[in-house]
Amino acid sequence: MTDTETGRSEQESTFSPLSRRSFAGGLAIVAALAFIGLPIEPARAQAAVAQKIADHFASVKTMSGEFVQFGPRGEQTGGKFYISRPGKIRFNYEAPSPMRVIADGKSVVIGNQKMKTWDIYPLSKTPLKLLLSDNIDLTGKMVRDVKEEADLITIVLGDRSVFGDATITLMFDPKTYDLRQWTITDAQKKDTSVMIFNVKNGVPMDDKVFQIPYNDVRNKSK
């Protein structure tokens, strides 16, 4: 699949190369799915619910769909996403946004096509490693809170090592355990929310979708 076929470029935002703010901002769409938590012991029942949802998500080996993202200043953008286990993900934001996010199983890049800049990270050093693995383990000290309601299950996560004092709130369908929406609240209490729709599971994926243009990446991994 070519760049023309897979999308349109990604969300407009400000990045400081290889900074924590850059990583958290550029991966807002994917970091929300990264099941890593702060060291707070959840109730046993809460952990069980969270693990069921994690098992459901991990059982889906390929996934594609559309998303709409709402920024802290009211800005709105959308696009398409693609996931293939283990280790691969891609988010294409609609024009005029110049951003893209790609993981190829080894590295993760956040690219600004307009500025022709790229940030690159080892996949093993990001929350995506857990998200995109074949098994997601939420046992132990990984979940801040779980709230079960008639029409929604809400799970609150966080990770000091990557997101500082930020938290991630995920919302799932209580019957299917399918992800509906998530919100990242940063250290300044500003929210970025994402809704997904038209999701298809088990769709065939071409590996070209997840190719990173290493020749264009300034800080190549060694």
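## Methionine 205, strand S1 and the second largest pocket

Leaving aside neighbours within four places in sequence, methionine 205 is in contact with Thr62, Met63, Ser64, Tyr82, Ile83, Ser84 and Phe210. Methionine 205 itself lies in the segment after strand S11, which covers residues 191-201, and its C-alpha atom is separated by 7.3 Å from that of threonine 62, although the two residues are 143 residues apart along the chain.

The model described here is predicted, and the confidence attached to it should be kept in view when these contacts are read. The protein chain averages a pLDDT of 76, with 71% of the residues scoring at least 70. Two stretches in which pLDDT stays under 50 nevertheless have contacts beyond four places in sequence, as set out in the table.

| Residues with pLDDT under 50 | Contacts beyond four places in sequence |
|---|---|
| Residues 2-27 | 74 contacts |
| Residues 31-42 | 51 contacts |

Strand S1, which spans residues 62-70, is mostly covered, since 7 of its 9 residues are buried. S1 pairs with S2 in the antiparallel sense over 9 bridges, and one of the residue pairs involved is phenylalanine 70 with its bridge partner in S2, glutamine 76. The two strands form a hairpin with 5 residues between them, and in the turn glycine 74 has a positive phi of about 90 degrees. S1 is also joined to S11 by 7 bridges, again with the strands running antiparallel; here phenylalanine 67 stands opposite isoleucine 196 in S11. In a regular strand the side chains alternate between the two faces of the sheet.

The second largest pocket can be described in terms of some of these elements. About 240 Å³ of space lies in this pocket, and of the 18 residues that line it, the closest to its centre are Met63, Asp178, Leu179, Ile196 and Val199. At least two lining residues are supplied by each of helix H4 (44-59), strand S2 (76-84), strand S10 (179-185) and S11. By residue class, the lining divides into 14 nonpolar, 2 polar and 2 charged residues.

Two residues link these parts of the description. Met63, among the residues closest to the centre of the second largest pocket, is also in contact with methionine 205, while Ile196, likewise among those closest to the centre, is the residue of S11 that phenylalanine 67 stands opposite.

Methods
Residues are numbered from 1 along each chain as its sequence is written. This is a predicted model: local features need pLDDT of at least 70, side-chain atom pairs count only at pLDDT 80 or more; totals for chains, interfaces and linings use all residues. Side-chain values use heavy atoms; hydrogens and water are left out. Helices (H or I, at least four residues) and strands (E, at least two) are DSSP runs, numbered from the N terminus. Contact means heavy atoms within 4.5 Å. pLDDT is the predictor's confidence in each residue, from 0 to 100. On a 1 Å grid over the protein atoms alone, a cavity is a set of points where a 1.4 Å probe fits but cannot get out, and a pocket is an open set with protein on both sides within 12 Å along at least five of seven lines; lining residues have an atom within 4 Å of a point. Grid points are joined across faces, edges and corners, and a volume is the space filled by probe spheres set on the points. Ala, Val, Leu, Ile, Met, Phe, Trp, Tyr, Cys and Pro count as nonpolar, Asp, Glu, Lys and Arg as charged, and the others, Gly among them, as polar. Buried means under 20% relative accessible area, exposed over 50%, partly exposed in between (1.4 Å probe, protein chains only). Two strands pair if DSSP finds at least two bridges between them.
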